[in-house]
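Here is a short tour for someone who likes to see how chains are put together. Please have the viewer open and follow along.

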Amino acid sequence: MTFARRAFIVVWKDLLVERRSKETFNALFFFALLLLFVFQFAVGPDRERLAGTLPGLLWLGFILTGLLGLGRTFVVERENDCWEALRLAPGDKSAIYVGKLAGNLLLMFVVEAILVVLFGIFFNLDLAGVLPALVVVIALGTVAFAAVGTLFAAMTSQVRARELLFPVLLLPVQAPVLLATVKATEAVLLGEPLGSVAHWLKLLGAADVIFVAVGVLTFDFVLEG
Amino acid sequence: MVRIVGGVTLVALAAGLVMAFGVAPREVTQGNVQRIMYVHVPSVWVAYLAFAVVLVASIVYLARRVDGADRLAHASAEVGVLFTGLTIATGSIWGKPTWGTWWTWDARLTSVSILFVMYLGYLLLRGMIEDPDQGARYAAVLGIVAAFNIPLVHFSVYWWRTLHQPPSLMKPGPGTMPGVIVAALMVNFVAFSLLYVYFVAKRVNLLRREAEAAA
Amino acid sequence: MSADPLIRVAGLRKTFGNHRVLDGLDLEVHAGEAVAMLGANGAGKTTLLKILATLVRPTRGTAAVAGHDCARDPEGARPHIGLVAHGAYVYEDLTALENLKFWTTLAGLSPTASALAGALASVELERAADERVRTFSAGMKRRLSLARFVLARPRVLLLDEPFSGLDQRAKKWLEEHLASFKAGGGAILMATHSFGRELAVADRLVILAGGAIALDTPRGSLSPDDVQRLYVVHTEDAP
């Protein structure tokens with residue numbers, strides 16, 4: 001199918017550029033590592049207090065690195081003066097959105113995996129039993145985050161003060177997703193079964209479907225400008 | 001035409017005031033401060049109305065590129081933010097003597113605050129784009145995303161607050177209230193809706209004249 | 001020419017804020033024709049090209065390529081348009097081959113490896129196929145952007161000062177390439193600042209001034225001096 005092929009070529013191109021320039025991933029990885037120290041210093045050495053805030057801190061880490069990483073979605077187009085060329089390309093523009101979203105999901109999942117491992121090490125968590133459930137929660141939350149993030153990254157890439165506008169627009173929209181993921185992560189880390197947070201998971205699922213659908217349907221209008 | 005709406009609005013607001021402060025009964029535990037509910041609750045209803053209009057106008061704009069739809073979305077978002085701000089302010093004023101604190105993370109205040117920030121972002125986006133066509137398009141996309149987020153905000157915040165805590169004091173169901181109170185709320189709701197229409201109409205006129213002057 | 005023009009502009013107006021750039025512009029370019037467009041900086045040449053390329057919407061009037069209205073049916077127009085503008089539209093970290101593969105696949109084509117190699121060969125970039133575009137000269141980048149059109153086969157080429165920044169060899173190459181594009185039935189609209197041999201490929205000359213076409217004449221045997229004189233007369237300022 002042409003749509004899939006076009007979306008895939010966008011992912012291929014972004015991966016190639018990233019591999020050659022090594023701009024984004026290394027810096028994000030380092031940033032995630034630094035966040036660990038920042039969180040530890042901010043919360044203090046008290047183990048009890050740390051344990052209580054851990055789910056929130058984990059998602060705070062995802063969001064902060066996500067804001068940086070997602071905000072850069074179209075930087076390669078801007079730096080190479082290719083934004084106009086994307087607009088000129090014939091065919092359904094939402095294939096570009098899907099391609100960029102797929103690339104962002106890949107990036108987010110890798111960074112999140114690293115953060116989870118680091119959290120496990122630094123804060124001495126036993127993740128063995130809860131890992132599958134944790135993966136489900138993280139996957140559901142990240143799709144919603146990346147879906148809106150990719151759309152807003154396209155919108156703000158052509159605006160002045162884009163580095164400020166991007167988080168300002170993205171964070172309020174992510175509020176319900178954040179509430180859901182932190183509550184669900186809390187339960188999962190305590191060893192509770194996924195069924196006990198079914199309502200949160202359903203909310204996340206609904207958010208995923210809604211945001212990806214809106215992204216696919218409206219990307220054309222964003223790219224046009 | 002707009003002046004007639006303005007006149008009717010004034011009458012309705014006056015009626016609403018009378019209902020709220022004269023006719024409706026004084027609440028037993030909270031005293032007269034509870035009357036602020038007659039401003040607070042209609043405000044939030046009108047805010048939701050405003051944001052629903054933003055959604056519809058945004059979709060119409062993207063589908064048909066009618067400039068009037070863009071102006072309606074813009075005006076409705078502004079007035080919606082106004083009423084949302086009013087909701088938060090009256091909620092806060094209500095809360096201070098009632099619970100002793102200016103702010104509480106109860107379900108309604110939290111949801112409404114998230115909406116407030118979302119649509120402030122909408123206005124910020126519009127302000128930062130010079131090209132009017134691009135601004136209209138991006139705002140329409142944001143308006144659609146924000147509107148679809150409203151039910152998500154609702155459920156997530158409500159579950160967040162009520163699964164481990166009793167529901168907030170500020171959620172009186174109409175079915176459990178005496179007729180006079182419901183009547184007072186309804187009169188004020190109509191009055192505030194008319195106020196919304198009046199503000200939006202004036203704002204749309206202003207936007208249209210600005211656009212015509214520039215062309 | 002009995003066939004419909006490949007480029008048709010009627011009553012085109014474009015206003016940016018308070019500034020009216022194009023005001024009542026009419027123009028037609030037919031298949032096999034090349035039109036060179038002269039005008040002062042800011043006269044609206046680039047704006048016209050962008051409107052035809054579906055990148056900018058007109059304020060009033062119509063612009064159509066191959067029968068598709070650029071504002072109302074941009075999706076229909078785009079496959080027929082090849083734009084060569086100031087932006088090179090290449091990813092610097094990718095090789096020539098990778099860039100070509102990306103842009104042609106995104107355009108909906110699925111070129112084979114040999115088709116890609118052939119396209120690069122026809123723009124004389126076959127030896128630089130696996131080199132990163134970052135190392136390319138301006139002429140090489142322009143040739144790479146034209147390689148796309150070897151595969152995409154647009155019917156209209158819109159060029160914004162295509163000869164600027166090129167050395168003599170590259171200029172000669174571009175001239176030949178445009179001539180063969182014309183011979184193949186395509187239409188060319190080219191914005192240019194020069195009066196000299198770059199105009200050789202043009203059949204017609206238009207001068208853009210005051211937001212509209214001030215002069216539309218066959219190039220025929222006009223010398224560069226003739227052109228300069230006409231330019232000065234119609235734009236009332238020194239070139």
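Let us begin where two chains meet: 27 residues of chain B are in contact with 26 residues of chain A. On the chain B side, the elements that give two or more residues are helix 4 (107–128) and helix 5 (132–162) of chain B. Helix 5 of chain B gives the most to this side, with 17 residues. Sorted by class, the side of chain B that touches chain A holds 21 nonpolar, four polar and two charged residues.

Keep in mind that this is a predicted model. For chain B the average pLDDT is 84, and 87% of the residues score at least 70. One stretch of chain B calls for care: over residues 164–174 the pLDDT stays under 50. For those residues of chain B the model has eleven contacts beyond four places in sequence.

**Chains A and C as wholes**

Chain A contains nine helices and zero strands, so to speak a plain run of α-α-α-α-α-α-α-α-α from the N terminus on. Chain C has seven helices and ten strands. The table sets out some overall values for these two chains.

| Chain | Residues | Buried residues | Radius of gyration | Span along principal axes |
|---|---|---|---|---|
| Chain A | 225 residues | 46% | 18 Å | about 55 × 35 × 30 Å |
| Chain C | 239 residues | 45% | 18 Å | roughly 50 × 40 × 40 Å |

How does the radius of gyration of chain A stand against that of a compact globule? With 225 residues such a globule would have a radius near 17 Å, and the 18 Å of chain A agrees with this. For chain C, with 239 residues, the value for a compact globule would be near 18 Å, and chain C has 18 Å, which agrees.

Contacts along the sequence add to this picture. In chain A, 83% of the contacts between residues at least 6 apart in sequence join residues at least 24 apart. In chain C, residues 24 or more positions apart account for 67% of the contacts with a separation of 6 or more.

**The four-stranded sheet of chain C**

Strands of a sheet pair through backbone hydrogen bonds, either parallel or antiparallel. In chain C, an open sheet of four strands has the order 2-1-4-5, and its pairing is antiparallel. Why do strand 2 and strand 5 (68–69) of chain C each have one side without a neighbour in the sheet? Both stand at the edges with a single partner strand, so one side of each is left free of a neighbour there.

Strand 1 (residues 7–16) of chain C runs antiparallel to strand 2 (residues 19–29) of chain C, and eight bridges join them. Together these two strands of chain C form a hairpin with two residues between them. Gly17(C), in the turn, has a positive phi of about 60°. Within this pairing, Leu12(C) has Leu25(C) as its bridge partner in strand 2 of chain C, while Arg13(C) stands opposite Asp23(C) in strand 2 of chain C.

Strand 1 of chain C also pairs with strand 4 (residues 60–65) of chain C, in the antiparallel sense and over five bridges. Here Val9(C) stands opposite Ala63(C) in strand 4 of chain C.

**The six-stranded sheet of chain C**

Another open sheet of chain C has six strands in the order 6-7-8-3-9-10, with mixed pairing. Which strands stand at the edges of this sheet? Strand 6 (81–84) and strand 10 (212–218) of chain C do, and each pairs on one side only. On average, neighbouring strands of this sheet are turned by 15° against each other, direction ignored.

A parallel pairing is found between strand 3 (residues 34–39) and strand 9 (residues 204–209) of chain C, which five bridges join. In this pair, Ala36(C) stands opposite Leu205(C) in strand 9 of chain C. Helix 6 (residues 168–183) of chain C packs on the sheet, where it touches strand 3, strand 7 (156–160) and strand 8 (187–191) of chain C. The direction of helix 6 of chain C makes about 145° with that of strand 8 of chain C.

How values were computed:
Residues are numbered from 1 along each chain as its sequence is written. Chains are lettered from A and ligands numbered from 1 in the order in which they are written. This is a predicted model: local features need pLDDT of at least 70, side-chain atom pairs count only at pLDDT 80 or more; totals for chains, interfaces and linings use all residues. The radius of gyration is taken over C-alpha atoms; the globule rule is 2.2 Å times the number of residues to the power 0.38. A residue is buried if 20 or more other C-beta atoms lie within 10 Å of its own, exposed if 12 or fewer, and partly exposed in between; C-beta atoms are placed from the backbone. Two residues are in contact if their C-beta atoms, placed from the backbone, lie within 7 Å. Ala, Val, Leu, Ile, Met, Phe, Trp, Tyr, Cys and Pro count as nonpolar, Asp, Glu, Lys and Arg as charged, and the others, Gly among them, as polar. Two strands pair if DSSP finds at least two bridges between them. pLDDT is the predictor's confidence in each residue, from 0 to 100. Axes are lines fitted to C-alpha atoms, for helices over the stretch in contact, and angles run from 0 to 180 degrees between N-to-C directions.
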